[in-house]
Every structure is written in C-alpha cells, then in structure tokens.
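Hi,

Here is the structure I promised to send over. Have a look at it first, and my notes follow underneath.

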Amino acid sequence: MQPYEERLSAPRSWWFIAVLIGVSVGLIMLPFGTLPMLGGLIGGAALACVAVSSYGSARVRVVADSLVAGEARIPVSALGTPQVLDAAEAAAWRTYKADPRAFMLLRSYIPTALRVDVTDPEDPTPYVYVSTRNPEALAAALTAVQPA
C-alpha cells in the first residue's frame, strides 16, 4: 500500500517560457537560413522543455516505512511529528528561519510545505522541509506509518 505520492511538477507558465526560449533561439538562427532557424526553434524548445521537465520531476512519496523526497529516502522511525506549514510559514522556513543543515526539497512555486524534525541522534540534520501541494495528506500518511 502506498499512502501518499506527489510529483512536484513545474507550473504551466514555465512550459510557455520554454516554448518562448525555442522561438528566441530560432530567431537568433534566422540570419543563417530557414533550416538553421527551424533547427534552433526545435532544438532550443526541446532543451528548455527537458530542463523544465527534469526540475519538475521530483517526487514525494511515503512508501512502507520511508519518506522518499526526491533522491532522499528517510526512514519514518527517524522522524518526529510532522508540522503543516501554510504559505506564510513555509516562506519563513525557506528564508530567515532556515537552518543550512536541514534537508530541503524546495520548490518555490509551491506555496505550502511540511516540516518534520529529525529525531535520530546520529543524524546532524535538524529537520526535513518538503514542498508539497497537500501538506495535510502528507502529514496524515507519515503519521499513519510511524511506529507506535
């Protein structure tokens, strides 16, 4: 059973900007002829779309006894009580309240987040900060799989 899964995909406006980058590269290549212009248009748009897609491919999941945030796999037994952060509190923890030792899966285009203290005494990481569109559901999933 997989209680929670989310992909932190990039907003639609970023895809529009990627297409505009392709148009820009095409216009830069226009003095060299029609074929280089088409190559620049297609190649520039493709490279920009790959960049947007790779940045937005981060996933947040709760699988068995672990929180998987991007490339990190954190055992739930090493985590404390999840704290749901609204937009204002999430912005504060991204900026002036942030600890440089914390693990942060941060996407600035997602206004809400979840913060969970790391309770493992061997781990120097004070907390985990995860951007999520549905922090209540993620908190409920983590609470459901935490050991009693």
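Into which domains is the chain divided? There are two: domain 1 covers residues 8-54 and domain 2 covers 59-142. Before you read on, please keep in mind that this is a predicted model.

**How the domains meet**

The centres of domain 1 and domain 2, taken over C-alpha atoms, are 34 Å apart. Five residues from domain 1 and eight residues from domain 2 make up the contact. Putting the two together buries about 490 Å², and carbon and sulfur atoms give 66% of that area. On the domain 1 side, the residues that lose the most area to domain 2 are L8, S9 and W14, which together account for 85% of what that side buries. If you were hoping for charged pairs here, the rule finds zero salt bridges across the interface of domain 1 and domain 2.

**Strand β7 and its partners**

Now to strand β7, residues 113-118. Is this strand mostly covered or mostly open? Mostly covered: five of its six residues are buried. β7 pairs with strand β5 (residues 79-85) through five bridges, with the two running antiparallel. In that pairing, L114 of β7 is the bridge partner of V84. β7 also pairs with strand β8 (residues 127-131), again antiparallel and over five bridges. There, R115 sits opposite Y129 of β8.

R115 is worth a second look. Its relative accessible area is 11%, so R115 counts as buried. The side chain of R115 also meets that of D117 in a salt bridge, at 3.1 Å from N to O. D117 has 34% relative accessibility and therefore counts as partly exposed, so this salt bridge joins a buried residue to a partly exposed one.

**Helix α4**

Which residues of helix α4 (residues 135-145) are buried? They are P135, L138, A139, A141 and L142. Because they cover an arc of only 160° around the axis, they lie on the same side of α4. What do these buried residues pack against? Their neighbours are the strands β1 (4-7), β2 (59-63), β3 (66-69), β5, β7 and β8. So β7, with five of its six residues buried, is one of the elements that the buried residues of α4 pack against.

**The other salt bridges**

How many salt bridges does a search of the whole structure find? Four, including the R115 and D117 pair described above. Another one links the side chains of E89 and K97, with 2.7 Å from N to O. E89 is partly exposed, because its relative accessibility is 26%, and K97 is partly exposed too, with a relative accessible area of 34%. The side chains of R101 and D99 also meet in a salt bridge, this time at 2.9 Å from N to O. D99 counts as buried because its relative accessibility is 18%, and the cut-off for buried is under 20%.

**One backbone oddity**

Finally, check A64 when you have the model open. A64 lies in the loop between β2 and β3. Its phi is near 55°, a positive value in a residue other than glycine. Is A64 buried or exposed? A64 is exposed, with a relative accessible area of 52%.

Cheers

Definitions and conventions. Residues numbered from 1 in each chain as written. Predicted model: local features only at pLDDT ≥ 70, side-chain atom pairs only at ≥ 80, totals over all residues. Heavy atoms only, no water. Buried < 20%, exposed > 50% of the residue type's maximum accessible area, 1.4 Å probe, protein only. Helix = DSSP H or I, 4+ residues; strand = E, 2+ residues; numbered from the N terminus. Pairing = 2+ DSSP bridges. Arc of directions from axis to C-beta. Contact = heavy atoms within 4.5 Å. Domains from an automatic or database assignment. Buried area = accessible area lost by both parts, 1.4 Å probe.
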